[in-house]
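Here are my notes for you to read alongside the model. I have kept them as numbered points, so you can follow each one on the structure.

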Amino acid sequence: MSTQQFPTETWTPANFLERVIAATPGESRLEMCIQCGTCGGSCPSGDDMDNTPRQIFAMIRAGMEEEVLASNTPWYCVSCYYCAIRCPQEVHIPDIMYTLKNMAIAQDRYVDSVAPDWSQTFVDYVENYGRSFEFGLATRHFLRHRPSGLRDTAQMGLGLLTKGRMDLSPQKIEQMPQLQAILNRAKEVEATL
Ligand code: SF4
Ligand code: SF4
C-alpha cells in the first residue's frame, strides 16, 4: 500500500498532521497508524510519558497542536526503536518524535528540563559505553526528579537483577572506537547544519 506523498515546491501543508508528515525526513507513514497501541506497550519510557505514542498520533490527527507540542512524550523517547520494529504499520515513530521535538523547540512550547535530562543521560551512556545502562539511567532519573517513586522502581529493579535481566554496572561494547568515530563524524556534520 502506498503512503501519502507531498509535492515539495508548490504544495503547502493544510493542517497539523500534514505539517508533521512534511517535516519528517523520508516516509513517516504516520497516516497509516491504526491505533493498535503496540508502540506504547513496548516503550521503556511509557510510564513517564504524558501520553503514549498512540495517543500522540491520535492527537496529531485531531489537530491538537498545542497539547502535542507541550507533551513530554517526545522528550522521553530515547530512540530505542523497539516500537518501530513492532509496529504492524511500519510507522517511523522515533523519527516523528524528533520532528515533534524540533517543532516544540521552534515554537518554544516545551520548557521542562526533566525529560531532556532523561534523554541526555541516555546519550551520555551511549557515548561512553556504546549502549544504554538501564540501572544507572533509572537511578539517576529517580534520585534527581522523582525520589518518591524510587521505592517502587527499586523493587522492580531488584526483580530484574535477580533474574539476570539487568546489570549493576555499565558494560562497554567492543567496537567503541568505531562507534566513537561515527559519533564524532555525526557531530561534525551537525555543526555544519
Ligand atoms: S504500533 Fe504503529 S499502528 Fe499501532 S498505535 Fe503505534 S504507531 Fe499506530
Ligand atoms: S523509540 Fe521512543 S517511543 Fe519508541 S519504544 Fe523507544 S523510547 Fe518509546
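1. How many helices and how many strands does the secondary structure of the protein come to? There are eleven helices and zero strands, and from the N terminus on the order is α-α-α-α-α-α-α-α-α-α-α. Please keep in mind that this is a predicted model. Of the protein's 193 residues, 21% count as buried.

2. Let's start with the core. The largest nonpolar core has 26 residues, and Leu30, Tyr76, Ile93 and Ile96 are the members that touch the most others. Two or more residues come from each of helix H1 (16–23), H3, helix H5 (73–76), helix H7 (93–106) and H8. Which of them gives the most to this core? That is H7, with four residues. You may also like to look at the domains here: the core draws at least three residues from domain 1 (16–106) and at least three from domain 2 (114–192).

3. Next, ligand 1. Its surroundings comprise 15 residues, of which Cys33, Cys36, Thr38, Cys39 and Cys87 come nearest. Helix H2 (38–42) and helix H3 (53–61) each supply at least two residues of this shell, and H3 gives the most, with three residues. By class, the shell around ligand 1 has ten nonpolar, four polar and one charged residues.

4. Ligand 2 can be read in the same manner. Which residues come nearest to ligand 2? Of the 16 around it, they are Cys43, Cys77, Cys80, Cys83 and Pro94. H2, helix H6 (82–86) and H7 each supply at least two residues of the shell, with H7 giving the most, three residues. The shell around ligand 2 divides into 13 nonpolar, three polar and no charged residues. H2 is thus worth a second look, as it supplies at least two residues to the shell of ligand 1 and at least two to the shell of ligand 2. H7, for its part, gives the most to the shell of ligand 2 and the most to the largest nonpolar core.

5. Cys43, one of the residues that come nearest to ligand 2, is found in the loop between H2 and H3. Is Cys43 buried or exposed? It has 23 C-beta neighbours inside 10 Å, and because the cut-off for buried is 20 or more, Cys43 counts as buried. Along the chain Cys43 and Tyr82 are 39 residues apart, while their C-alpha atoms are separated by 7.0 Å.

6. Two loop residues deserve a check of their backbone angles. Most residues other than glycine have a negative phi. Gln35, which is not a glycine, has a positive phi of about 60 degrees; its place is in the loop between H1 and H2. Glu90 is another non-glycine residue with a positive value, near 55 degrees, and it lies in the loop between H6 and H7. Both count as exposed because the limit is 12 or fewer C-beta neighbours: Gln35 has 11 other C-beta atoms within 10 Å, and Glu90 has 12.

7. The loop between H1 and H2 also holds Pro25. Pro25 is exposed, with 9 other C-beta atoms within 10 Å. How far apart are Pro25 and Thr99 in sequence and in space? They are 74 residues apart in sequence and 8.6 Å apart in space, C-alpha to C-alpha.

8. Helix H8 (residues 114–129) makes a neat length check. At 1.5 Å a residue, its 16 residues should span 22 Å, and its end C-alpha atoms are 23 Å apart, which agrees. The buried residues of H8 are Ala115, Trp118, Thr121 and Phe122. Why do they fall on the same side of H8? Because they cover an arc of only 120 degrees around the axis. An α-helix has 3.6 residues a turn, so residues three or four places apart point the same way. Just after H8, Gly130 takes a positive phi of about 85 degrees.

9. Finally, Glu134 is found in helix H9 (residues 134–145). With 17 other C-beta atoms within 10 Å, Glu134 is partly exposed. Glu134 and Pro170 are 36 residues apart in sequence, and their C-alpha atoms are 8.6 Å apart in space.

Methods
Residues are numbered from 1 along each chain as its sequence is written. Chains are lettered from A and ligands numbered from 1 in the order in which they are written. This is a predicted model: local features need pLDDT of at least 70, side-chain atom pairs count only at pLDDT 80 or more; totals for chains, interfaces and linings use all residues. A residue is near a molecule or strand if its C-beta atom, placed from the backbone, lies within 6 Å of it. Ala, Val, Leu, Ile, Met, Phe, Trp, Tyr, Cys and Pro count as nonpolar, Asp, Glu, Lys and Arg as charged, and the others, Gly among them, as polar. The expected span of a helix is 1.5 Å times one less than its number of residues. The arc is that of the directions from the helix axis to the C-beta atoms. A nonpolar core is a set of buried Ala, Val, Leu, Ile, Met, Phe, Trp, Tyr and Cys residues joined through C-beta atoms within 7 Å. Domain bounds come from an automatic or database domain assignment.
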